[in-house]
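Student: Could you take me through one part of this model in detail? I'd like a close look at the largest pocket and what surrounds it.

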Amino acid sequence: MNENSNKKQNKGGRTPKNDPSIHRHVFRLTDEENIKLLSLFEASGMTNKAKFIIFVLFGREIKTVKIDKAVLDFYMRLTSFHNQFRSIGVNYNQIVKLLYRNFSEKKAAAYLYKLEKQTAEMAVLCQKIIQLTEEFEAKHLKK
């Protein structure tokens, strides 16, 4: 009797896996999608559909795209601001032509001097905008 108690009882069945697949996911396909899946499965030469689907899901690199609304909003505002600068440049040329056509040289030069001061201030502002844009790109866009 001692001999029987020393032996381990064989319960039968298969040996348990170290990492069993216990999570289940279900998805539904249309007829067209099912035909496409089955044709891909047959072309792969694999014998198990579950392993084929797992291979397709995790065997390839899946790319995800994150859209940041703040970055998109910043880009849109910067684009509109750039368009305003371009329109100011066009208006600048038109004003210079009108000054020399409608006023005497001395008066046109005086107005042009004031316009140049404003243009210099706008150039400084433009440099600050470029600097802020570069800082924003360094912090938020290049990750």
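Tutor: Here is the pocket, with the chain around it and the aromatic pairs after that.

A few ground rules to begin with. This is a predicted model, where local features need pLDDT of at least 70 and side-chain atom pairs count only at pLDDT 80 or more, while totals for chains, interfaces and linings use all residues. Residues are numbered from 1 along each chain as its sequence is written, and side-chain values use heavy atoms, with hydrogens and water left out.

The largest pocket holds about 770 Å³ of space. Of its 22 lining residues, the closest to its centre are F27, A50, I53, I54 and L57. A pocket here is an open set of points on a 1 Å grid over the protein atoms alone, where a 1.4 Å probe fits, with protein on both sides within 12 Å along at least five of seven lines; lining residues have an atom within 4 Å of a point. Grid points are joined across faces, edges and corners, and the volume is the space filled by probe spheres set on the points.

Two helices matter for that lining: helix 2 (31–44) and helix 3 (49–59) each give at least two residues. Helix 3 has the largest share, with nine residues. Helices are DSSP runs of H or I with at least four residues, strands are runs of E with at least two, and both are numbered from the N terminus. By type, the lining splits into 11 nonpolar, four polar and seven charged residues. In that scheme Ala, Val, Leu, Ile, Met, Phe, Trp, Tyr, Cys and Pro are nonpolar, Asp, Glu, Lys and Arg are charged, and the others, Gly among them, are polar.

Now compare the second largest pocket, at about 150 Å³. Its lining is L78, F81, H82, F85, C126, I129, I130 and T133, and the elements giving two or more of these residues are helix 4 (69–102) and helix 5 (105–141). Six of the lining residues are nonpolar, two are polar and none is charged.

Back to helices 2 and 3, for the aromatic rings. The whole structure has two aromatic pairs. In one, F41 and F52 have ring centres 5.6 Å apart and planes at 65°, so the pair is edge-to-face. F41 sits in helix 2 and F52 in helix 3, 11 residues apart, so to speak a link between distant parts of the chain. Rings of Phe, Tyr and Trp (its six-membered ring) pair if their centres lie within 6.5 Å; planes under 30 degrees apart are stacked, over 60 edge-to-face, and the rest tilted. F41 counts as buried at 13% relative accessibility, and F52 is buried too, at 6%. Buried means under 20% relative accessible area, exposed over 50%, and partly exposed in between (1.4 Å probe, protein chains only).

The other pair is F103 and Y111: the ring centres are 5.3 Å apart and the planes are at 55°, so this one is tilted. F103 is partly exposed, with a relative accessible area of 36%, and Y111 is also partly exposed, at 36%.

L38 is another residue of helix 2. L38 is partly exposed at 29%, and its C-alpha is 8.8 Å from that of K49, 11 residues apart in sequence.

Finally, the whole chain. The secondary structure comes to five helices and zero strands. The radius of gyration (over C-alpha atoms) is 36 Å, well over the 15 Å that the globule rule, 2.2 Å times the number of residues to the power 0.38, gives for 143 residues, so the chain is more spread out than a compact globule. Its C-alpha atoms fill a box of roughly 125 × 45 × 20 Å along the principal axes, and buried residues make up 7% of the 143 residues.
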